[in-house]
Amino acid sequence: FGIINYNNRILFIDTDKGVMELKSSGKVTKIAELPKDSRAHGFSYNIDHDKFYISCSNLDSVLEYSNKFELLREFKLSNKKDLTSNAQHHTNDNVSIGNSVYASMFSSTGNWKTGMFDGVVAEFDLISGNRLNDVITGLYMPHNVSYHNGNIAVLDSLNGHLMADNGEITGTFPGFTRGLDFDGQFYYVGQSKNRNYSKVVGRSNNISVDCSVIVFDPIRKVSRSFQFPIEIGEIHSILLVD
């Protein structure tokens with residue numbers, strides 16, 4: 001799921017195995033455990049606090065870890081999981097900047113299982129631990145909240161929108177957008193085979209079921225696509241490396 005560059009090391013989340021490292025040799029090694037059945041997704045590192053943040057869908061929370069992957073705190077999206085024993089918000093990705101951690105989720109109110117996809121990017125205060133006001137609202141199955149060139153960006157996945165620059169629609173794509181990076185000029189947007197295309201029938205004039213990475217110029221609004229083999233159906237994160 002989540003993948004980051006940490007001190008020139010490529011770390012990523014295997015939701016079943018834990019935190020993994022991809023060595024330059026191509027070898028993959030495990031470096032930390034994660035709570036069992038937490039369904040870890042998003043992964044970020046806060047350089048100011050020297051801590052890691054991992055979004056866990058089945059916990060309805062974002063976990064804070066030390067630089068040695070010692071569990072420090074849990075930021076709960078609400079108390080709904082405590083009341084129902086089931087996750088209700090479907091959080092997936094996060095990014096931590098300064099004294100905040102920003103988390104994307106399918107439902108701010110915790111009602112996506114009853115058909116209310118009030119997706120948002122929520123903010124937590126790292127000092128108090130409190131959840132603050134939602135930063136970007138009105139999203140449909142959002143993923144990959146991130147920070148590029150001084151701006152928070154997020155993928156409004158089912159609608160196919162890249163939201164950046166004050167939360168505005170920067171680009172729109174025909175597939176389920178998931179996986180995002182930026183090199184200072186181009187955005188790199190992943191597209192997965194759309195398992196939920198029935199939800200946008202009648203709302204979209206072109207529903208793609210391809211799996212690819214789109215290189216997008218946000219100024220000229222021009223893109224090209226790199227198609228993946230048919231055996232690969234989903235992309236969750238994209239990381240540019242030298």
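Q: Two strands pair if DSSP finds at least two bridges between them. By how many bridges do β18 and strand β19 (residues 212-217) pair?
A: The model is predicted, so local features need pLDDT of at least 70 and side-chain atom pairs pLDDT 80 or more, while totals for chains, interfaces and linings use all residues. Residues are numbered from 1 along each chain as its sequence is written, and side-chain values use heavy atoms, without hydrogens and water. Strands are DSSP runs (E, at least two residues), numbered from the N terminus. β18 and β19 run antiparallel, and the number of bridges is 5.

Q: Which residue of β19 stands opposite Val189?
A: On the β17 side, Val189 of β18 has Leu180 opposite. On the β19 side, the residue opposite Val189 is Ile214.

Q: Which residue takes a positive phi in the hairpin of β17 and β18?
A: β17 and β18 are antiparallel and joined by 5 bridges. Their hairpin has 4 residues between the strands, and the positive phi, near 100°, belongs to Gly184.

Q: Why is strand β18 (residues 187-192) largely enclosed, and how many of its residues are buried?
A: Tyr187, Val189 and Gln191 point one way, Tyr188, Gly190 and Ser192 the other way, and all are buried (under 20% relative accessible area, 1.4 Å probe, protein chains only). β18 is therefore largely enclosed by the rest of the structure, the count of buried residues being 6 of the 6.

Q: Which are the edge strands of the open sheet that contains β6 and β7?
A: This antiparallel sheet has 4 strands in the order β5-β6-β7-β8. Within it, β6 (51-56) and β7 (61-65) share 5 bridges, and Tyr53 has Glu64 in β7 as its bridge partner. The strands that pair on one side only are β5 (40-46) and β8 (71-76).

Notes:
Buried < 20%, exposed > 50% of the residue type's maximum accessible area, 1.4 Å probe, protein only.
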